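Have a look at the model below before reading on. The notes start with the ligand and then work through the rest of the chain.

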Amino acid sequence: MRDAEPQPVRLADYRPPDWLVDTVDLDISLHPSATRVVARLALRRNPEGEAGAPVVLDGDGLVLVRLALDGKPAAGGAFDASPDRLTLTPSADRFLLEVETLLDPTANTQLMGLYRTGGTYCTQCEPEGFRRITYFPDRSDVLAVYTTRIEADRDAAPVLLGNGNLLRNGPIAGTGRHYAVWHDPWPKPSYLFALVGGRLAKVPGHFVTASGRPVDLGIYVEEGKQDRAGYAMDALRRSMRWDETAFGREYDLDVFNIVAVSDFNMGAMENKGLNVFNDKYVLASPETATDADYANIEAIIAHEYFHNWTGNRITCRDWFQLCLKEGLTVFRDQEFSADQRSRPVKRIADVRLLKAQQFVEDAGPLAHPVRPEMYREINNFYTATVYEKGAEVVRMLKALLGEAGFRAGMDLYFARHDGDAATIEDFLACFAEATGRDLAHFALWYAQSGTPRLDVAGSYDEAAGTYRLDVVQSTPPTPGQPTKAPLLIPLALGLVGPNGHDLPLVLADGTPVEGVLEVTQEKQSFVFTGVGTRPVASLNRGFSASVNLVTDLSTDDLVFLAAHDRDPFNRFDAIQALAVQLLKRGAAEGTLPPHAALLDAARRLLEDGALDPAFKAQALALPGENEIAREIGTQVDPDAVHAARRALRRALAQALTDGFAATYAAMDTPGPYRPDAASAGRRALRTLSLDYLTVPGTPDALQRALARYRAADNMTDRFGTLAVLAQHDSPERREALDDFYVRFEKDPLVIDKWLSLQAQIPEAGTLDRVRALMLLPVFSMSNPNRVRALVGALATGNPTQFNRPDGAGYDFLVDVVLTLDAKNPQLASRLLSAFKTWRQLEPKRAALAERALRKVADAPGLSDDVADIALRALG
Ligand code: PHE
Ligand code: ZN
């Protein structure tokens, strides 16, 4: 709780720690309401710190029981302790501090520090949770070797897990308790500490590293869920192998454990040797998980595993460098999934997510640089910008340096910084040195916020045989950054000739272009020579640069690219660009403009037998309402956006009925369910076809969808057909929703899908429905997954109903946020960030949203987390 405005922390104020910790010995005796923690810290004055500085240790709500220095109980006056800080003024430059604290894990509803989930004890320490366990210099540049003794009741917690390797374990005679001692030989920051104690079932696995080290793998799940951990184990083993081949990185301990818990604020956490996961990203079976769930599990298992090198062996100097581990690790998990699945389809999905989340963030009041320079609450910086744009920046670096240069830079980074708490400057210096390139200009991507806009105009000179591109870049102002400088933008492109082949790219001075132009100035022209016929420019291929591209391509050009570009991403992008043009005009004019070209392009894609079904499913899915709103940018009326999109869906459905019917029949996937990308693609295209076929909403169409729902033998088809039906207020919808509930009432992760789907129905009754669903016993305000599935889905996945013209959607969210804030501030502030788009709304809604945000800002006793979002959103 805060009594004043949260104080800013600035990158410019970074100072090395005054004291270091060499070893941490923890003795933790688990008890539901009275857990005892004895911490022995070997403290040493840092020669690089401020001379004579006292020892100042962080705490957060701690209860101090006892304190000793070098084995002697500390007398009052020798220290100063509050729940949030411990200050000592020792006479020696090295000493052993022993501190005992008393914790109540059952009362910990913030899910930060030591808490309980379904009876299991677990910890979450990133970014500042370790200080809720014991007093410590809780910052990521203090690296220590940890040994952890965990003790617990044997029946309540037969499984005891810690970081590193197990040293010994056994019973404690005559007490009903037992213990385990874990030792992690790799120095690490406190945010990577973890322990788990509970009644859990182990799914075992095994891995032998490239150099022959055997590793025991374990995935721990709730008793009875073992048969849902197989895919996660498989994904883990594939990730371990991939990091060896793609980056030369081997695992470095004898064990690697993953624990799935049901109460978790985020997706998962990369604690050294002991990853803790939101169970939603571990558990999967054909009957309970969709293809998307399988893909997410694979990606997040890989992400956390990859952190072992990018995050753990090399960590961050301070939290401003968060993207050093997160952006890089997202890039690595994206590459892994691209290699395991279809590279173009993965890229399309990633860019869709980037635009839907990061571009939106960058265009509103919560915009911030990939590496922020100031924060008031670090928990609020686990954002799409740090993660997704952070990954794009690494991808752009690779586009500039090429495969070999990028790998050389990574190799140098691992070799030079192993064991370090590093910075973005350290990272970039490795690439600069390995390739001999000056990356000073490129580094601006980390510091400048906002999405750059790139205006590109092409002109063909038939007589001269030249094609000229005029490029103008600009970045709109963002909070704290009124003016912007030009960036170094790697623009991948091709000039496509009439036969669909790329023309050679040679600049007027004779330099050949290897597919990537480097745009460095505000205004620049590039003239290509030897161009015999008028080409069509295919720009920003593969989404090589994270920019808003504005071209002068005609409708015919886009239709041509959608059919012929050899870059699959740009085939997708061309058809999406056609759709966006129509939807923007449709929303502004209240009626759909002529759209024969889009229908034509869509038909050609649908009928192209050579195309991957997964690709078609992506290309033929219209941009979402949030995405259209962002493209419109100002004065957005969500109802008009919705109506335009509906009209275009209708037009597509009508024009392509035969094609969708044929595709629907052809994409049948008989045989048992398999989660691989090819089968998933067929299912996706089949459900998309069914969706279009159901658009007319006739009894026949609804009955066909309901029949498919009933016949489904896997969750992808069952939930896919349910989602189709959910769009149509009908008895069939009611029947399917009721059936789904009865089938899965006992399965919270599946119920989340059911909650989320209903929260996203674009009908006036939805808000009341959500309120009613909150009263069901399957819902709980203390479980983050439930809250996000229901309330989060309404706020971020249902633009017309969250932005109701009467403001009731905003008022509802504010009530939930204020109720939740006392319990779980992180969850509350994440929900509140749904307001990040309020400034783009038309004035009436914007005024209502602003009033709602003010109500939050003015509420007494707000957490720092929620106060920070409310004030920045209003700011
Ligand atoms: N570091 C985690 C990840 O991205 C995310 C996380 C942050 C989890 C903070 C919990 C708390 O892999
Ligand atoms: Zn991460």
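Around ligand 1 you'll find Q124, E126, M266, A268, M269, E270, H303, E304, H307, E326 and Y382. Two elements, β20 (268–269) and α2 (291–306), each give two or more residues to that shell. Sorted by class, the shell has four nonpolar, three polar and four charged residues. Bear in mind that this is a predicted model.

β20 turns up again in a sheet. That sheet is open and made of five strands, ordered β17-β18-β19-β21-β20, with mixed pairing. Why do β17 and β20 each have one side without a neighbour in the sheet? They stand at the edges and each has a single partner strand, so nothing in the sheet sits on the other side. For β17 (200–208), there are nine bridges to strand β18 (residues 214–222), and the two run antiparallel. One pair to look for is K202 with its bridge partner Y220 in β18.

Another strand pair comes earlier in the chain. Strands β7 (residues 79–82) and β8 (residues 85–88) are antiparallel and joined by four bridges. They make a hairpin, with two residues between the strands. Here F79 has L88 of β8 as its bridge partner. As a general reminder, strands of a sheet pair through backbone hydrogen bonds, either parallel or antiparallel.

The two antiparallel pairs can be set side by side:

| Strand pair | Residues | Bridges | A bridge pair |
|---|---|---|---|
| β7 and β8 | 79–82 and 85–88 | four | F79 and L88 |
| β17 and β18 | 200–208 and 214–222 | nine | K202 and Y220 |

Now for a single residue: V65, in strand β5 (residues 64–69). Is V65 buried or exposed? It's exposed, because 12 other C-beta atoms lie within 10 Å, and a residue counts as exposed at 12 or fewer. If you skip its neighbours within four places in sequence, V65 is in contact with E100, T101 and L102. As for A39, it is 26 residues from V65 in sequence and 12 Å from it in space, C-alpha to C-alpha.

Helix α12 (residues 625–632) is mostly covered, with six of its eight residues buried. The buried ones are E625, N626, E627, I628, A629 and R630. What covers these residues? The cover includes α4 (343–362), α9 (568–589), α13 (638–655) and α22 (799–802). Right after α12 comes G633, which has a positive phi of about 90 degrees.

Zooming out, the protein chain is divided into domain 1 (1–199), domain 2 (315–447), domain 3 (457–545) and domain 4 (745–875). Between domain 3 and domain 4, the C-alpha centres are 43 Å apart.

UniProt adds its own bounds. An unreviewed entry there lists "domain: Aminopeptidase N-like N-terminal" at residues 103–192. In the model, that span is 0% helix and 50% strand, and its end C-alpha atoms lie 19 Å apart. UniProt also places "domain: Peptidase M1 alanyl aminopeptidase C-terminal" (unreviewed entry) at residues 556–874. Residues 556–874 come out at 72% helix and 0% strand, with 43 Å between the end C-alpha atoms.

Terms used: Residues numbered from 1 in each chain as written. Chains lettered and ligands numbered in written order. Predicted model: local features only at pLDDT ≥ 70, side-chain atom pairs only at ≥ 80, totals over all residues. Buried ≥ 20, exposed ≤ 12 C-beta atoms within 10 Å, placed from the backbone. Contact = placed C-beta atoms within 7 Å. Near = placed C-beta within 6 Å. Nonpolar A, V, L, I, M, F, W, Y, C, P; charged D, E, K, R; others polar. Domains from an automatic or database assignment. UniProt positions renumbered as here; feature names shortened; annotations may be inferred. Pairing = 2+ DSSP bridges.
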